[in-house]
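Let's take a friendly walk through this model together. Have a look at the sequence and the 3D view, and then read on.

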Amino acid sequence: MTRWPKGAEARDAISAIVFLVISIVGFVAALDFPKRAANWPLWMWGLLGGFSLILLAGSLRRSPSGKTEKKDQATFGRSFVNVALIVAYAVSVPILGFFTATGTYAIVHMTYLGVRPFPLVLAVAAGGLIFLYFFFGFILGVPVPHGLLY
Amino acid sequence: MFDQILNGAIVAFQFQHLLLAFGGAVLGTILGAMPGISATLGIALLVPFTFDMSSVAALIFLGAVYCGAIYGGSIAGILINVPGTPAAVATMLDGYPMTQQGKGGLALGTDICSSFVGGQVSTIFLLFGAPIVASVALEIRSAEFFWIVIFAMSTIGAIGAGSPIKGLMAGILGLVIGTVGMHPMTGTLRYAFDQPALYEGVPVIVALVGLFSISQVLILAEGQGMDTQLHIPRIGRIWPGWATLWSLKGCMIRSSLIGTAVGVVPGAGADIAAFIGRSEARRVSKTPELFGKGAIEGVCAAEAANNGVVGGSLIPMLTLGIPGNAVTAALLGGLLIHGLIPGPHLFRDAPDVLYPFIFSLFMANAFFAVAAFGGMRWVAKVVLVPQGIIAPMVTALAVIGAYSFRNMVFDIGITLVLGFIGYALRKARFPLAPIILGIILGPLAEENLDRVITLAAAHDMSVFGFFLSRTLTVVLMVLTVAAIAYSFYRDHKRRQLLKEAGVFLDEED
């Protein structure tokens with residue numbers, strides 16, 4: 001009986017399953033397109049599904065390395081917070097305005113990432129905002145999203 | 001052709017273009033010197049801001065950033081043993097031991113000169129080689145072009161990645177993302193989820209910014225945000241002296257040619273070129289035992305090859321529309337937003353843009369060398385900027401870059417989604433470059449396949465039969481199968497060797 005792999009093999013097996021599921025969903029969705037528009041996506045999803053199966057078979061067949069990715073497990077929580085901060089920033093941009101949201105986000109994220117002392121965080125955030133305002137807003141004339149505050 | 005070259009030189013030497021080339025080279029050097037910021041990321045971040053520039057100015061600026069960033073990546077590797085770009089790893093192997101021996105200045109000086117020579121040699125090949133390739137490429141028809149794309153995708157997916165199957169899957173994922181939006185022949189909306197912003201597909205620039213910037217931010221933010229232990233040691237005199245440079249002339253020229261040749265091959269980027277250049281220098285060296293312990297030829301070979309890739313990689317991008325690596329894919333995004341469609345017709349249709357661009361690369365190479373010699377003591381400090389500061393700043397640039405392309409908040413969402421997918425894929429050891437190449441090349445491949453289907457029907461042939469009726473197409477099909485078969489064979493051999501050595505997959509990764 002094939003045992004569920006560990007370490008790198010488990011990572012490959014999970015990726016293969018995710019790709020396989022996405023391929024099946026994409027393939028089924030492409031069946032609704034007219035024949036001419038469906039040809040290319042059907043081939044691509046089919047190939048992706050096929051390669052996913054090969055990857056899955058390979059990861060199940062390989063002898064497990066027996067290694068657990070301690071580093072990955074430790075950084076998972078940290079990555080989750082980083083993702084949450086970036087999402088919160090993106091959501092706040094159209095509400096608060098680009099400059100207000102960016103200043104707030106930069107201070108919070110730098111502090112979370114361990115940049116010290118705090119006056120350095122404030123100085124970098126202020127310097128960054130001034131640079132963004134003058135270089136992109138003023139010199140290049142790049143449009144930025146405005147919100148409630150600015 | 002010579003008239004066009006002359007006109008190109010005149011335009012490139014206009015004051016504002018010189019200023020842009022200088023600014024781009026310096027900015028590229030600084031970005032490349034920051035650990036965690038690659039040439040691809042630098043260009044991906046800057047492409048959206050060139051939207052309001054003229055196409056010549058934008059290309060000159062981005063080309064200079066490319067040259068500067070490829071060179072700048074080596075500075076952190078030599079000084080603090082942290083490569084700024086993947087391509088700088090080979091330089092670091094001998095550069096950092098030289099710094100430890102108190103010869104950091106000599107390593108940096110050799111690095112600058114070798115990068116300069118590598119860049120100039122490859123630009124000469126680009127200037128004279130690309131128009132010839134383009135004139136031949138004009139004869140290419142849809143069937144051949146479709147297989148060129150497939151061949152490029154197979155080599156990019158297979159050569160550049162650790163695992164060929166993951167490389168190929170990443171490439172196909174890109175091709176699938178490229179199907180989002182309206183099908184050009186039938187007008188059918190595919191995978192657009194009723195979002196008008198997706199009717200024209202996923203914008204290449206937005207995808208580029210998301211995949212490379214946001215995923216890199218998350219990688220940077222995984223570690224310690226501020227390392228107070230890092231410091232720059234005394235580096236001494238930077239200029240290596242004419243005698244040293246003369247003794248390295250063979251190494252420089254050989255590695256520059258290796259870099260140029262490797263750059264032309266789709267999928268083989270600056271990192272592969274640097275390692276091949278270094279290994280070749282070691283093979284012909286009279287003192288191979290010094291490699292890895294501070295051999296000056298090691299730094300010279302890796303850097304000349306590394307920068308030699310710049311011109312080489314632009315040849316297939318400008319003549320066939322096929323970016324050979326992630327950086328040229330990012331540059332291709334810059335061409336696309338200025339309405340320039342890379343491919344065989346580009347040299348015929350826009351010589352007034354291309355020749356100034358190529359000439360500006362000569363200047364960019366000279367500018368980063370001058371700036372590096374003149375300002376190394378300041379540039380070197382950039383390597384100490386904490387990742388905890390870089391990460392939020394890159395996020396802000398990515399957000400403003402994604403938004404500014406179409407002035408749509410929705411694009412910020414696409415950037416984030418692709419960035420998170422990119423991060424998950426990187427954690428699962430999938431390469432990202434094939435995805436962006438797939439997004440760019442997918443619509444081209446489909447469009448040409450559609451034409452072939454129509455032509456085959458007109459000739460009362462099957463599509464496969466139509467392909468087999470054309471010699472060049474058959475050659476490309478055989479090459480594609482051979483490239484994939486070779487990559488699987490190579491992977492199998494590598495796994496066998498690792499198994500025999502008792503190294504597991506995680507350690508290898």
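A crossing of two helices is called left-handed if the near helix is turned anticlockwise from the far one by less than a right angle, and right-handed if clockwise. Helices here are DSSP runs (H or I, at least four residues), numbered from the N terminus. This is a predicted model, in which local features need pLDDT of at least 70 and side-chain atom pairs count only at pLDDT 80 or more, while totals for chains, interfaces and linings use all residues. Residues are numbered from 1 along each chain as its sequence is written, and chains are lettered from A and ligands numbered from 1 in the order in which they are written.

Now find helix 4 of chain B, which passes helix 16 of chain B in a right-handed crossing. Among the residues making this contact (C-beta atoms, placed from the backbone, within 7 Å) are B:Gly63 and B:Cys67 of helix 4 and B:Ser360 and B:Ala364 of helix 16.

Tyr66 of chain B is in contact with B:Ile43 and B:Val310, among others beyond its neighbours within four places in sequence.

Next, where is helix 3 of chain B, enclosed or open? Eight of its eight residues (39–46) are buried, so helix 3 of chain B is largely enclosed by the rest of the structure. Buried means that 20 or more other C-beta atoms, placed from the backbone, lie within 10 Å of a residue's own (exposed: 12 or fewer; partly exposed: in between). The cover over helix 3 of chain B includes helix 2, helix 4 and helix 9 of chain B.

Key: Contact = placed C-beta atoms within 7 Å. Helix = DSSP H or I, 4+ residues; strand = E, 2+ residues; numbered from the N terminus.
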